[in-house]
Amino acid sequence: AGEALVRGEVVYFKAGDSKMWKAVATAAGTTRCVAMAAADIAADAAGLFLLRGFLADNGTFPAYTVAGVLYTPEAETSSQNVPEQAAPDTAGDFVQVLGWAVTANSVYFDPDSTIIEVG
């Protein structure tokens, strides 16, 4: 991990240092989400990352709407970089579908490789 991560936060892979960093939909270089932290991970430490599958978390995730689509976040929610259910909609933002909510606090994570820039 390139920075401290909390279980459920979504990340991109930075080739320059071969580490996972928080994915954010507001910049081309940080928007391509490839994984989700499967446990809390300290900065510069190795950790578990979910590439695809189910993850439940009562403390990190907001109360998701069941069956709602999840997107790369535009900003942190309660200091955590977890998927959002509102698609990024500001010009220059990038939209990537990350999966969907199974329950209010569990998700099916399967990041799509298609990313669209908001015009």
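**Salt bridges, strands and rings: a reading dialogue**

Author: Let us begin with one contact, in which the side chains of Lys19 and Asp44 meet in a salt bridge, with 2.4 Å from N to O. This pair links distant parts of the chain, since Lys19 belongs to strand β2 and Asp44 to the loop between β3 (35–37) and β4, 25 residues apart. Residues are numbered from 1 along each chain as its sequence is written, and side-chain values use heavy atoms, with hydrogens and water left out. Please keep in mind that this is a predicted model, in which local features need pLDDT of at least 70 and side-chain atom pairs count only at pLDDT 80 or more, whereas totals for chains, interfaces and linings use all residues.

Reader: What makes a contact a salt bridge, and how many does a search of the whole structure find?

Author: A salt bridge is a side-chain nitrogen of Lys or Arg within 4 Å of a carboxyl oxygen of Asp or Glu. By that rule, a search of the whole structure finds four salt bridges. Another one of them joins the side chains of Arg7 and Asp57, at 3.0 Å from N to O. Arg7 sits in the segment before β1 and Asp57 in the loop between β5 (53–56) and β6, so this pair ties together parts that are 50 residues apart in sequence. Glu76 also forms a salt bridge, with Lys22, and the closest N and O atoms are 2.9 Å apart. Here the loop between β6 and β7 supplies Glu76 and strand β2 supplies Lys22, so parts that are 54 residues apart in sequence are tied together. Glu9 joins these two residues, and Glu9, Lys22 and Glu76 are linked in a network of salt bridges.

Reader: Which of these charged residues count as buried, and which as exposed?

Author: The words rest on relative accessible area, where buried means under 20%, exposed over 50% and partly exposed in between, with a 1.4 Å probe and protein chains only. Asp57 counts as buried because its relative accessibility is 10%, and Lys22 counts as buried at 15%. Arg7, at 27%, counts as partly exposed, as does Lys19 with 26%. Glu76 is partly exposed with 41%, while Asp44 is exposed with 57%.

Reader: How should I read a charged residue that is buried yet has no salt bridge, and where does Asp93 lie?

Author: For the charges, Lys and Arg count as positive and Asp and Glu as negative, while His and the chain ends are not counted. Asp93 is buried yet has no salt bridge, and the nearest side chain of opposite charge, Arg32, is 15 Å away. Asp93 lies in the loop between β6 (69–71) and β7 (94–95). Leaving out residues up to four places away in sequence, Asp93 touches Ala25, Thr26, Glu74, Pro88, Ile116, Glu117 and Val118, where contact means heavy atoms within 4.5 Å.

Reader: You keep naming strands; what are they, and in what order do they stand in the open sheet?

Author: Helices (H or I, at least four residues) and strands (E, at least two) are DSSP runs, numbered from the N terminus. Strands of a sheet pair through backbone hydrogen bonds, either parallel or antiparallel. Two strands are taken as paired if DSSP finds at least two bridges between them. In this model, an open sheet of four strands has the order β2-β1-β3-β4, with antiparallel pairing. Its edge strands are β2 (19–22) and β4 (49–50), each of which pairs on one side only. Four bridges join β1 (residues 10–14) to β2, and the two run antiparallel. Lys14 has Lys19 in β2 as its bridge partner, and Ser18 lies in the loop between β1 and β2.

Reader: Which residue other than glycine has a positive phi?

Author: Asp44 is one such residue, with phi near 65°, and Ser18 has a positive phi of about 55° although it is not a glycine. Ser18 counts as exposed because its relative accessibility is 52%.

Reader: Finally, how many aromatic pairs does a search of the whole structure find?

Author: Rings of Phe, Tyr and Trp (its six-membered ring) pair if their centres lie within 6.5 Å, and planes under 30 degrees apart count as stacked, over 60 as edge-to-face and the rest as tilted. The search finds three aromatic pairs. Phe61 and Tyr64 form a tilted one, 5.5 Å centre to centre with 50° between the planes, and both residues are buried. Trp100 and Tyr108 also form a tilted pair, at 6.2 Å centre to centre and 45° between the planes. Phe54, Trp100 and Tyr108 form one aromatic cluster, in which Trp100 counts as partly exposed at 37% relative accessibility.
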